[in-house]
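Work through the following exercises with the sequence and the model open side by side. Each task is followed by a worked solution.

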Amino acid sequence: QMVKWARGLEQAPGRAGLAWLYGPGGAGKTRLAVEVAAALAPHGWQAAFIPQKLDTQAVDRHARHWAVPPIPTLLVVDYAESRPREWLFALLDAVVGQAEHRTAPLALVFLTREDPGDEEAVLGKALKHWRVQGVERLRDVLIRDMRKDALPRLQAEERSGFFAAAVERFRERLNVGENVPPVHYPDDALPDRPLALVLLAFLAAQGQRVPESRNEKAIYDAVWTWERTKWEGVLRRAFPNWGEKALEKALDRVEQARVAATLGRVFREPEEVVAFWQALGPRRLSERDLDDLNDLAEELPRLAPPDPDAPGLLSPITPDPLADFVLTSFLNRESEKWKRFVGAVYPSGEEAASAMDSVRAMLEQTLKVIDRLAGYGAGTEYAGAASALSQALFAYMEEVARSLPDAARGEWLERWRKALPESPEHTLGLREAWAHYAQARVNLARD
């Protein structure tokens, strides 16, 4: 349907069209866009995802060229509800403004978690506002004719075939022996979404059964338990003299480091990980305990191998829905220590002020996590985790600011302001984060 729609834009007004695909995390929105791009390629189409890091000025510069592609083009905006209004307006204005120069069709696709039927949907409100910002007829046509499609649920027979194929592929890739039989489930016990199906197949291929197999959180929990069990096996072989309590504590330490990496911390040397663990406490360690931490830090690349093309000793938690589950569960267990945890992830005091570039990179990643968690919707435990993380993040900003002399404090706060995405108060995921940032600035101003 998407391919037919895109190819039909050759006859559409302005040779352009909008589509809004929506569904929860893990539903397959991004993957669908990739598959549509692959299906269009034999027909002479090109495709691209617009990078999230581009600010409004960059979009304004580039969009006038994107809007007049030399060949038919599929342009995808992922996490569209998190893009600032000005960013979206710059892109859409170019699509309208360059219409008379466009000789090849342009298909612009928005991917969101939010439902366009929700009157409070951030993207929907932005599009309504943009529609009345000019008098060009194409504005009205683009919004009127915009496709709005929910990601369809897989049918029972599709889920069954998908699951069986995934199990077979995993057994081949993981060299699972015939002495380990795969786990089978009836069709009505399989989850609906592709990502959950893949993860369940990953476990089933290795003989691991999930009792609540339709419950996605139960699947994520089982995958993370499998991950910790894998670490435990490596650590038992590496350190046969460690007792059970030491092993359990080591597993928690590894999880802490993985969570920190998921929030944007890049550990380049084992000593950096040890310093992070020490900051979490207890601060006074025996010489033997410190030796154990150093040994554990040396093992991290074996426990969570990093991407060869990325810096750091270990990889963050992926895919995103699994990371969101682990982060939320971690927060629930460590809720009283979350502020301290963020303080350990980020540099402190004057070190932070002199390392603003690395702080900014971490901040961008942490804000992405907050944005994702908040996107699960108000009242969910994920949104509660987003709120707690946001409060801890800007409490850190405020605490460092208080420790700096006036001149350095002003520069510190200004660089945080510039590091924040544009108009976060107009996005779904970062509205509350913006409120926490603003409150921290008010607190500092009162002093």
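**Exercise 1.** In this predicted model, find how the axes of helix α4 (residues 85-97) and helix α6 (residues 137-144) cross, and which residues meet.

Solution.
- Step 1: Fit the two axes; α4 and α6 come within 9 Å and cross at roughly 115°.
- Step 2: Assign the hand, which is right-handed for the crossing of α4 and α6.
- Step 3: List the contacts. From α4, Asp93, Val95 and Val96 take part, and they meet Leu138, Arg139 and Leu142 of α6.
- Step 4: Sort the residues by class: the contact of α4 with α6 has four nonpolar, no polar and two charged residues.

**Exercise 2.** Determine the order of the strands in the open sheet, and state which pairing they have, parallel or antiparallel.

Solution.
- Step 1: Trace the neighbours across the sheet. Five strands give the order β2-β3-β4-β1-β5, and the pairing is parallel.
- Step 2: Locate the edges. Each of β2 and β5 (147-150) has a single partner strand, so one side of each is left without a neighbour in the sheet.
- Step 3: Compute the twist, which averages 20° from one strand to the next.

**Exercise 3.** Count the bridges for the strand pairs β2 with β3 and β1 with β4, and give one pair of opposite residues for each.

Solution.
- Step 1: Recall that strands of a sheet pair through backbone hydrogen bonds, either parallel or antiparallel.
- Step 2: Take strand β2 (residues 46-49) and strand β3 (residues 73-77). They run parallel and are joined by four bridges. Opposite Leu74 in β3 stands Ala47.
- Step 3: Take strand β1 (residues 16-22) and strand β4 (residues 106-112). Seven bridges join them, again in a parallel run. Val109 in β4 has Ala19 opposite.

**Exercise 4.** Relate the helices α2 and α3 to the strands of the sheet.

Solution.
- Step 1: Follow the chain from β2 through helix α3 (residues 56-66) to β3; the three elements make a β-α-β unit that is right-handed.
- Step 2: Place helix α2 (residues 29-40), which lies across β1, β2, β3 and β4. The direction of α2 is at about 170° to β3.

**Exercise 5.** Describe how α9 packs with α8 and with α10.

Solution.
- Step 1: For helix α8 (residues 194-205) and helix α9 (residues 216-238), the angle is about 40° and the axes are 10 Å apart. Therefore α8 counts as oblique to α9.
- Step 2: The crossing of α8 and α9 is left-handed.
- Step 3: Contacts pair Leu195, Ala196, Leu199, Leu200, Phe202 and Leu203 in α8 with Glu216, Ile219, Tyr220, Ala222, Val223 and Trp226 in α9. The classes in this contact of α8 with α9 are eleven nonpolar, no polar and one charged residues.
- Step 4: For α9 and helix α10 (residues 244-262), the axes come within 10 Å and cross at roughly 125°. Therefore α9 is oblique to α10 as well.
- Step 5: Here the crossing of α9 with α10 is right-handed.
- Step 6: In α9, the residues Trp224, Glu227, Arg228, Trp231, Glu232, Leu235 and Arg236 meet α10 residues, among them Glu244, Leu247, Glu248 and Arg258. By class, the contact of α9 with α10 has seven nonpolar, no polar and nine charged residues.

**Exercise 6.** Check the backbone at Pro319 and at Tyr79, and say where each residue is found.

Solution.
- Step 1: Read omega for the peptide bond from Thr318 to Pro319; with a value near -5°, the bond is cis. Pro319 belongs to the loop between α12 (287-303) and α13 (320-333).
- Step 2: Read phi for Tyr79. Tyr79 is not a glycine, yet its phi is positive, about 50°. The loop between β3 and α4 holds Tyr79.

Notes
Residues numbered from 1 in each chain as written. Predicted model: local features only at pLDDT ≥ 70, side-chain atom pairs only at ≥ 80, totals over all residues. Heavy atoms only, no water. Axes fitted to C-alpha atoms, helices over the stretch in contact; angles between N-to-C directions. Helix = DSSP H or I, 4+ residues; strand = E, 2+ residues; numbered from the N terminus. Parallel < 35°, antiparallel > 145°, perpendicular 65-115°, else oblique. Left-handed = near helix turned anticlockwise from the far one by under 90°. Contact = heavy atoms within 4.5 Å. Nonpolar A, V, L, I, M, F, W, Y, C, P; charged D, E, K, R; others polar. Pairing = 2+ DSSP bridges. Right-handed = clockwise from strand over helix to strand, strands pointing away.
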